Amino acid sequence: MNYRGLAEPLLPMPSLVIVRSLCSQQDLTRVLDQLNLINHVEVKYSELSSAELEPWCLLQCWMWCWCLLVCSVRYVWQCVRFMGQCLYLGFHWLFSCCCGFRYSWMKQEARKCKPFLGCLWQKKLNVFHHSALQGRMNITDVYDSLYDYILTYMSWRVGRESIIFIVDNVQDGKTTQDNIKVEQPTLIQCCNKIFIFQNTDENGWNQLEEDRLNIFLQTYFKTVELTSVD
């Protein structure tokens, strides 16, 4: 990236993991500790409200995104038309002045907005969490499922590669994994990886899932070293 004209380069901000769950933060101690193993990655918990899972709430998000896109296209089109008319009418000097002024203005604004600009290339991972203690495994594609709409929306917004799903406190990890593959395909389609943890570490299943999660985090954030948690 070209930093010419800036007082100092725009350094990328620390990577970020955003954990969304209907459970309280106190109930996610084990999950948050597991995600905190990566160096130089900040982990944030954000409680997922029931309203966010409703279709009408996500429809509003779609509408706002669409309006923003339309306004941006109209603004760019008007600028292009104005510059084209300047060239067509022979006002080359006006075209040059406008371009020079816009470059100078953008350079000044870039200095003011370095923290915001850093967020544009900040590496983020969105983690959704569901506990079997909440009741049924109604994640997607089943009666009264919870996450169909928000996972579809988030996979469109940030990309499937930036989303993982953690299923917690199940009785049998292998059985739950097989059931999800057959009965809940939307979950697989919208998430990069799915990790399943049992309420007891029977047959070493939880350790295998923790190793899978560590390898995924290390690869996703391209880190070499994992910290240890006592």
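**Close-up 1. Lys123 and the ring of Tyr220 in the predicted model.** The charged end of Lys123 lies over the Tyr220 ring. Its distance from the ring centre is 4.4 Å. Tyr220 also belongs to an aromatic cluster. Phe195, Phe216 and Phe221 complete that cluster.

**Close-up 2. The aromatic pair Tyr147 and Phe165.** The model has six aromatic pairs. One of them joins Tyr147 to Phe165 in an edge-to-face arrangement. The ring centres are 5.2 Å apart, and the planes meet at 85°. This pair links distant parts of the chain, with the two positions 18 residues apart in sequence numbering. Tyr147 sits in the loop between strand E3 (124–131) and helix H5 (148–158). Phe165 sits in strand E4 (residues 163–170). Both residues are buried.

**Close-up 3. Ile163 and its surroundings in strand E4.** Ile163 has 0% relative accessibility, so this residue counts as buried. Its contacts beyond four places in sequence include Leu125, Asn126 and Phe128. Leu151, Met154, Ser155 and Val158 are also among them. Further contacts are Cys190, Cys191, Asn192 and Lys193. Ile163 and Phe128 stand 35 residues apart in sequence. In space, their C-alpha atoms are 7.6 Å apart.

**Close-up 4. Thr186 in helix H7.** Helix H7 covers residues 185–190. Thr186 has a relative accessible area of 14%. The cut-off for buried is under 20%, so Thr186 is buried. Leaving aside residues up to four places away in sequence, Thr186 touches Thr140, Asp141, Asp148 and Thr152.

Definitions and conventions. Residues numbered from 1 in each chain as written. Predicted model: local features only at pLDDT ≥ 70, side-chain atom pairs only at ≥ 80, totals over all residues. Heavy atoms only, no water. Helix = DSSP H or I, 4+ residues; strand = E, 2+ residues; numbered from the N terminus. Buried < 20%, exposed > 50% of the residue type's maximum accessible area, 1.4 Å probe, protein only. Contact = heavy atoms within 4.5 Å. Phe/Tyr/Trp six-rings, centres within 6.5 Å; stacked < 30°, edge-to-face > 60°. Lys NZ or Arg CZ within 6 Å of the ring centre and 35° of its normal.
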